[in-house]
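Q: I would like a close look at one part of this structure, namely how its helices and strands are packed together. Please take me through it in one connected account, residue by residue where that helps.

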Amino acid sequence: MQLSGPQIKQLQQAILKGFDSASLKQLVLFELNEDLGSIVESGPFTDVAFNLIGWANRTGQVELLIRAVQDARPANGELQQIVKQLLRSIATPVAKPVVTPETPQPPVPSAPVKLVPGRDNTAVYISYAWGNEGVDMVDRVYQSLLSDGYDVRRDKHNLSYKGSITEFEQEVGRAACIVVVVSDKSLRSPHCMFELLEIHRNQNFRERVCPIVLADAKIHTLAERLVYVGHWKGEYQRLEEMIKSVGIDVLSADGSFREYQKIRSISQSADELVTTLGDMFAASTNRLESDDFELLKNAIEQQIRRLSKN
């Protein structure tokens, strides 16, 4: 991926909105495994940001840099808006030149549309929490969709032995259609909430998510949702205190520090995620099961057809 001049300007603006010299140095070290001072010359911060983008352009690390900037500042509305516009401009194909009769062009084979690199537009993923009554519901949904010929994916069957849990959760986040089984346990699970965060980060949340809300998930009033917002604020504060006692320098960049960043991002985005789910109408589980999940399957089909038309 190579950025154009206007796209470089957008990414530079995003960096200037969310970082200073010290925090950008940390981002580059933690996410790109590089020393900022070794890859760009010191100088005014605008020049440092510009030269960092130029380095990423030359070394093929532009997408990694964009994602790192986006993930590090989930609560910065201005930065997130700039990055989303940038990602849309990257995904938008360049307009084809007008072809005159004097300049015939060979036919170009069509390619499948993918809204996000790596997204499977036909597979249906299921996001859920282990170890509660919701698993029985997941099993029934899984078998029903499988029986109807859908390509259904869930961690229990598609995450291989020794496979990366984080990478599978990111795969869920990129999927074109996700059945999200919402339970009290899932709303308190870092794994389930990270999947929601990844889905949200990859845009088109409402189009891609088909929710099944279990009875123990109370998310339809502000007071109910604030219980979960408070839970994640408390989890983040608890980790902050523990890290202060041991020192942040002892955390490995690819291990504990990355997990700490996940919890911080979940804490900052919990209200938006839970509010969005609460605003999406989800039929009762009894209604969904009364006709073998026909309502759910119709929603999945609509999403698949929508993607096939793009």
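A: In this predicted model, helix α1 (residues 5-18) packs against helix α4 (residues 45-59) with the two axes 9 Å apart and an angle of about 130 degrees between them. Because of that angle, α1 counts as oblique to α4. From α1, the residues that make the contact are Ile8, Leu11, Gln12, Ile15 and Leu16, and from α4 they are Phe45, Thr46, Ala49, Phe50, Ile53 and Asn57. The crossing of α1 and α4 is right-handed.

A second helix pair can be set beside this one. The axes of α12 (222-246) and α13 (256-279) come within 9 Å and cross at roughly 165 degrees, so α12 is roughly antiparallel to α13. In this pair the crossing is left-handed. On the α12 side the meeting residues are Arg225, Tyr228, Val229, Trp232, Lys233, Glu235, Tyr236, Leu239, Glu240 and Ile243, and on the α13 side they are Tyr260, Ile263, Arg264, Ile266, Ser267, Ala270, Asp271, Val274 and Thr275.

Both of these helices also take part in the largest nonpolar core, which has 34 residues. Within that core, the residues with the most contacts are Val182, Leu187, Met193, Leu196, Phe205, Ile219 and Leu277. At least two core residues come from each of α9 (165-174), β3, α10 (190-201), β4, α12 and α13, and the largest share, 8 residues, is supplied by α13. Leu187 shows how some of these parts come together: leaving aside its neighbours within four places in sequence, Leu187 is in contact with Val182, Met193, Ala217, Ile219, Tyr228, Trp232, Val274 and Leu277. Of these partners, Tyr228 and Trp232 in α12 and Val274 in α13 also belong to the contact between those two helices. Apart from this core lies another one, of 31 residues, among them Ala49, Leu65, Ile66 and Ala68; Ala49 is also one of the α4 residues that meet α1. In soluble globular proteins, nonpolar side chains tend to be buried together.

Helix α13 also holds Ser269, which counts as buried because its relative accessibility is 8%, under the 20% cut-off. Beyond its neighbours within four places in sequence, Ser269 is in contact with Pro74 and Leu197.

The strands that supply core residues, β3 and β4, belong to an open sheet of 4 strands in the order β2-β1-β3-β4, with parallel pairing. The edge strands are β2 (152-153) and β4, each of which pairs on one side only. Taking the sheet from the β2 edge, β1 and β2 pair in the parallel sense over 2 bridges, and Val124 has Val152 as its bridge partner in β2. Strand β1 (residues 124-127) also pairs in the parallel sense with β3, over 4 bridges, and here Val124 stands opposite Cys177. At the other side of the sheet order, 5 bridges join β3 to strand β4 (residues 209-213), again in parallel, with Val181 opposite Ile212.

Strand β3 (residues 177-182) deserves a separate word, since 6 of its 6 residues are buried. In a regular strand the side chains alternate between the two faces of the sheet. In β3, Cys177, Val179 and Val181 point one way, while Ile178, Val180 and Val182 point the other way, and all are buried. Val182 is also among the residues with the most contacts inside the largest nonpolar core, and Leu187 is one of the residues in contact with it.

Two loop residues have a backbone feature that is worth checking in the model. Lys162, in the loop between α8 (155-158) and α9, has a phi near 75 degrees, a positive value in a residue other than glycine; at 73% relative accessibility, Lys162 counts as exposed. Gln203, in the loop between α10 and α11 (205-208), likewise has a positive phi of about 75 degrees although it is not a glycine.

For the chain as a whole, there are 15 helices and 4 strands, and buried residues make up 44% of the 310 residues. Among contacts with a separation of 6 or more, 75% are between residues 24 or more positions apart.

Key
Residues are numbered from 1 along each chain as its sequence is written. This is a predicted model: local features need pLDDT of at least 70, side-chain atom pairs count only at pLDDT 80 or more; totals for chains, interfaces and linings use all residues. Side-chain values use heavy atoms; hydrogens and water are left out. Buried means under 20% relative accessible area, exposed over 50%, partly exposed in between (1.4 Å probe, protein chains only). Two strands pair if DSSP finds at least two bridges between them. A nonpolar core is a set of buried Ala, Val, Leu, Ile, Met, Phe, Trp, Tyr and Cys residues joined through side-chain atoms within 4.5 Å. Contact means heavy atoms within 4.5 Å. Axes are lines fitted to C-alpha atoms, for helices over the stretch in contact, and angles run from 0 to 180 degrees between N-to-C directions. Angles under 35 degrees count as roughly parallel, over 145 as roughly antiparallel, 65 to 115 as roughly perpendicular and the rest as oblique. A crossing is left-handed if the near helix is turned anticlockwise from the far one by less than a right angle, and right-handed if clockwise.
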